[in-house]
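Work through the exercises below with the model open. Try each task before reading its solution.

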Amino acid sequence: MRATIAYTTARILLFVAALGALYLVGARGLLLVALALLVSGIISFVVLHRQRDAMSGALVSGFRGVRTRVGEFSSRIDEGASAEDDDGNLFKTRRTRQRSRRSGPAAMTIN
């Protein structure tokens, strides 16, 4: 998280610096914003490569942790579902046994 905040802060500062420099040169309006975005993007690509690498590494490791937690959660859900299925099969087996007891010759009626 710290690397992301540092990189984002540096990008914003570069944009503001480019905006100020281009304003002093004479750019105004939408042209000023477009040029500032372009110039600050090029400068940050060259100057901030270490911070960008640190940020991407932190994000990737964070996503790995999320994937691990999601995998653990999915396995717990699967275990619970299989336990429910086992309970449901047990219930069906008991119902089938009860029906087979009732459906003997004495339980049959002739209409």
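Three exercises on this predicted model follow.

**Exercise 1. Describe the overall fold of the chain.**

Step 1. Count the elements: the chain has 3 helices and 0 strands.
Step 2. Read them from the N terminus: the order is α-α-α.
Step 3. Check burial: 11% of the 111 residues count as buried.
Step 4. Check the exposed area: it comes to about 9,200 Å², and carbon and sulfur atoms supply 64% of that.
Step 5. Look at sequence separation. Take the contacts between residues at least 6 apart in sequence; 52% of them join residues at least 24 apart.

**Exercise 2. Decide whether Ser44 is buried or exposed, and list what Ser44 touches.**

Step 1. Locate the residue: Ser44 sits in helix H2.
Step 2. Apply the cut-off: buried means under 20% relative accessible area.
Step 3. Compare: Ser44 has 2% relative accessibility, so Ser44 counts as buried.
Step 4. Find the partners. Leaving out residues up to four places away in sequence, Ser44 touches Arg11, Leu14, His49 and Arg52.

**Exercise 3. Classify Val47 and name the surface patch that includes Val47.**

Step 1. Locate the residue: Val47 lies in helix H2, which covers residues 29-47.
Step 2. Apply the cut-off: exposed means over 50% relative accessible area.
Step 3. Compare: Val47 reaches 52% relative accessibility and therefore counts as exposed.
Step 4. Name the patch. Val47 joins Leu38, Val39, Ile42, Ile43, Phe45 and Val46 in a nonpolar surface patch. The patch measures about 650 Å².

**Recap.** Helix H2 holds both Ser44 and Val47. Ser44 is buried, whereas Val47 is exposed.

How values were computed
Residues numbered from 1 in each chain as written. Predicted model: local features only at pLDDT ≥ 70, side-chain atom pairs only at ≥ 80, totals over all residues. Heavy atoms only, no water. Patch = residues over 30% accessible without salt bridge, like charges linked within 9 Å, V, L, I, M, F, W, Y side chains within 5 Å. Areas by Shrake-Rupley, 256 points an atom, 1.4 Å probe, with all protein chains shown as cover. Salt bridge = Lys/Arg side-chain N within 4 Å of Asp/Glu carboxyl O. Helix = DSSP H or I, 4+ residues; strand = E, 2+ residues; numbered from the N terminus. Buried < 20%, exposed > 50% of the residue type's maximum accessible area, 1.4 Å probe, protein only. Contact = heavy atoms within 4.5 Å.
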